[in-house]
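Open the model in your viewer and keep the selection tool at hand. Each stop below says what to pick and what is there.

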Amino acid sequence: MAAEPLTELETAIETVVTTFFTFAGREGRKGSLSINEFKELATQQLPHLLKDVSSLDEKMKSLDVNQDSELKFNEYWRLIGELAKEIRKEKAHEIRKK
């Protein structure tokens, strides 16, 4: 990384990546999230954004494109994209109300 301070957006991206690797590989393969690791990440780091998800098992299955019972980074990134879209919808709705 550059010696200069990261911008707010760069810091956010770094946090997304670092969070994935903090939880990935605790059990099973390094570089992927097992179902238990995914649940731990979701409950600890995304409790407000995933509170309406009825089943974390089902959410993981929907993200697990190759059906190997693990989430690689690109599959995890799909979750981040989905959550960002929901936040964007909420922000757009707030702006329209003003």
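Select Leu 9 first. With a relative accessibility of 62%, Leu 9 counts as exposed, because the cut-off for exposed is over 50%. Bear in mind that this is a predicted model. Leu 9 sits in helix H1, which runs over residues 8-23.

Now add Ile 13, Val 17 and Phe 21 to the selection. Together with Leu 9, they make a nonpolar surface patch of about 380 Å².

**The whole chain**

Zoom out and colour by secondary structure. The protein has 4 helices and 2 strands. Along the sequence, the pattern reads α-β-α-α-β-α. The C-alpha atoms fill a box of roughly 50 × 40 × 25 Å along the principal axes. Of the 98 residues, 29% count as buried. Switch on the surface: the accessible area is about 7100 Å², and 55% of that belongs to carbon and sulfur atoms. Among contacts between residues at least 6 apart in sequence, 40% join residues at least 24 apart.

**Helix H4**

Select residues 73-97. This is helix H4, with 25 residues. Put a distance between its end C-alpha atoms: they are 36 Å apart. That agrees with the span to be expected at 1.5 Å a residue, which is also 36 Å.

Which residues of H4 are buried? Pick Glu 75, Tyr 76, Leu 79, Ile 80, Leu 83 and Ala 92. Next, show what covers them. The cover includes H1, strand E1 (32-33), helix H2 (35-45), helix H3 (56-63) and strand E2 (71-72).

**Lys 59**

Move to Lys 59, in helix H3. Is Lys 59 buried or exposed? Its relative accessible area is 17%, so Lys 59 counts as buried, the limit being under 20%. Follow the side chain: it makes a polar contact with the side chain of Glu 82, at 2.4 Å. Leaving aside neighbours within four places in sequence, Lys 59 is in contact with Phe 38, Val 53, Leu 79 and Glu 82. Leu 79 is also one of the buried residues of H4.

**Glu 70**

For the last stop, select Glu 70, in the loop between H3 and E2. Glu 70 counts as buried because its relative accessibility is 11%. Its side chain makes a polar contact with the side chain of Ser 32, at 3.2 Å. Show the surroundings too. Not counting residues up to four places away in sequence, Glu 70 touches Arg 29, Ser 32, Leu 33, Met 60, Asp 64 and Glu 75. Glu 75 is again among the buried residues of H4.

Definitions and conventions:
Residues numbered from 1 in each chain as written. Predicted model: local features only at pLDDT ≥ 70, side-chain atom pairs only at ≥ 80, totals over all residues. Heavy atoms only, no water. Patch = residues over 30% accessible without salt bridge, like charges linked within 9 Å, V, L, I, M, F, W, Y side chains within 5 Å. Areas by Shrake-Rupley, 256 points an atom, 1.4 Å probe, with all protein chains shown as cover. Salt bridge = Lys/Arg side-chain N within 4 Å of Asp/Glu carboxyl O. Buried < 20%, exposed > 50% of the residue type's maximum accessible area, 1.4 Å probe, protein only. Expected span 1.5 Å × (residues − 1). Contact = heavy atoms within 4.5 Å. Polar contact = N/O pair within 3.5 Å; in protein donor to acceptor, adjacent residues only side chain to side chain.
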